[in-house]
Amino acid sequence: MIDWEGSLARFTQRSEWPTFVCRPRGIWISELFAFAAWAWALGIDCIVESGIAHGQSTDILRQCFSRVYSIDHAVMPDVAARLIRDGVQVSSADAHVVLMPIVEQLVAAGYHTAVLLDGPKGEPAVELGLRCLDHGAVFFAVHDTYCCAEAPNAVRARLEAEGRSPRWAWSTDDASFVRAFSYLDARVVYLDEAGNGKSPFLLHHHGRDIPMESYGPTLTLLFPTVPHGA
Ligand SMILES: C[S@@+](CC[C@H](N)C(=O)[O-])C[C@H]1O[C@@H](n2cnc3c(N)ncnc32)[C@H](O)[C@@H]1O
C-alpha cells in the first residue's frame, strides 16, 4: 500500500516550487507527486523520462530521484545546460531510438527503473512503454492519456485480452487521490496557448472559483502485474 502522507512529506521536503508556471501539456505537481509516490513505494532508483520541453517535470524529478535520464528530440540548449549542471543525463534524440537502449543498460546494471513518457504521447507512447516493460522496467507512465484514442482502462483491458502486459493501470483521476491531493495544483499557474494564466485546480462556475473534482485521467501508470498492496 502506498504511504501517501509519508510520500507527500518526502515530496514537499525535496521539491521547490514557489509558483509553478506550467505550459500547455506540461506535467502538473499532483501528477508528479503521484508518479514519485508510486516509484518510491516500488523501490525505484532510476527514472527515464521522455519529453523535456522547458524542463519543468525534469526539475522536480531530479529533486526526487538521484538518477534521472531525460530525452527530447528538440531539447533547448539553455534547458539542457541547466539540467546537466543539476546532474540529469540529457539525450538530445528521438525517444523511439534511444529510450530502449538506456532502459536496457540501466536494468542490466541492476537499477529498478521506471519510465515517464510525455512526448511521444498516445498510442506510440503506450507501445514504447510496453517495450520497456518487456525489457525489465518496473512500470511506465504516459502523460495526457485523455488524448489517447482509448481511455487508460480500455488500453489495459485490450492489452490483457491480447495476453500482453500490463495487467494493471492507475490514473490520476482516481477519486480518492483527487480528493486528497488535487489541491497541490492550486500552486500551478497554467498558461494557455495565448499566454493567459489560470489555475487548473479551480473551475470558474457562476462567478465563483471552486476546486475541480477531476481533470480526467491525465497521467496513467501501467504495471506488468498488480503491484503488491495495490
Ligand atoms: C509536453 S512537452 C514535455 C513537457 C515536460 N514533460 C514538462 O512537464 O515540463 C513534450 C516534449 O516531447 C518532445 N517529444 C515529442 N516526441 C518525442 C520523441 N519521439 N522523442 C523525443 N522527444 C519527443 C517534444 O520535443 C516536446 O519538447
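Where is P120 found? This proline sits in the loop between strand 5 and helix 6. Before we look around it, keep in mind that this is a predicted model.

**Around strand 5**

Let's start with the strand on one side of that loop. Strand 5 covers residues 113-117, and 5 of its 5 residues are buried, so the rest of the structure largely encloses it. In a regular strand, side chains alternate between the two faces of the sheet. Here, T113, V115 and L117 point to one side, A114 and L116 to the other, and both faces are covered.

A114 makes a handy example. This alanine is part of strand 5, and it counts as buried because 26 other C-beta atoms lie within 10 Å, where 20 or more is what it takes. If you want a feel for distances, try A114 and V79: they are 35 residues apart in sequence, and their C-alpha atoms are 23 Å apart in space.

Which strands does strand 5 pair with? One is strand 2 (residues 46-50), which runs parallel to strand 5 and is joined to it by 5 bridges. You can spot one of these contacts at E49, whose bridge partner in strand 5 is L116. Another is strand 6 (residues 139-143), again parallel, with 4 bridges to strand 5. Over there, V115 has F140 as its bridge partner.

**Over the helix and back**

Strand 5, helix 6 and strand 6 together form a right-handed β-α-β unit. Helix 6 takes in residues 122-134, and its 13 residues should span 18 Å at 1.5 Å a residue; the end C-alpha atoms are 19 Å apart, which agrees. Its buried residues are A125, V126, L128, G129, C132 and L133. They cover an arc of only 165° around the axis, which means they are on the same side of helix 6. After the helix comes G136, with a positive phi near 105°.

Helix 2 (residues 29-41) is worth a look too. With 13 residues, it reaches 18 Å from its first C-alpha to its last, close to the 18 Å expected at 1.5 Å a residue. This helix is mostly covered, with 11 of its 13 residues buried. Among them are I29, L32, F33, F35 and W38. Just after helix 2 there is G43, which takes a positive phi of about 70°.

**Some unusual backbone spots**

Most residues other than glycine have a negative phi, and most peptide bonds are trans. A few places in this model go the other way. One is back at our opening proline: the peptide bond joining G119 and P120 is cis, with omega at about 5°. Two more are residues with a positive phi that are not glycines, A53 and D144. Here they are next to each other:

| Residue | Phi | Where | C-beta neighbours inside 10 Å | Burial |
|---|---|---|---|---|
| A53 | about 50° | loop between strand 2 and helix 3 | 19 | partly exposed |
| D144 | near 60° | loop between strand 6 and helix 7 (152-161) | 23 | buried |

Why does A53 count as partly exposed? It has 19 C-beta neighbours inside 10 Å, and a residue needs 20 or more to be called buried. D144 has 23, so it counts as buried.

**The ligand's surroundings**

How many residues surround the ligand? There are 20, and the closest are G51, Q56, S57, A95 and G119. You have met G119 already, since it shares the cis peptide bond with P120.

Helix 3 (56-64), strand 3 (68-72) and helix 5 (95-108) each supply at least two residues of this shell. Sorted by kind, the shell residues are 7 nonpolar, 9 polar and 4 charged.

**Further along the chain**

One last stop is P227, in the segment after strand 12 (219-223). P227 is partly exposed, because 17 other C-beta atoms lie within 10 Å of its own. Now find A169: P227 and A169 are 58 residues apart in sequence, and 9.8 Å apart in space from C-alpha to C-alpha.

Technical notes
Residues numbered from 1 in each chain as written. Predicted model: local features only at pLDDT ≥ 70, side-chain atom pairs only at ≥ 80, totals over all residues. Near = placed C-beta within 6 Å. Nonpolar A, V, L, I, M, F, W, Y, C, P; charged D, E, K, R; others polar. Expected span 1.5 Å × (residues − 1). Buried ≥ 20, exposed ≤ 12 C-beta atoms within 10 Å, placed from the backbone. Arc of directions from axis to C-beta. Pairing = 2+ DSSP bridges. Right-handed = clockwise from strand over helix to strand, strands pointing away.
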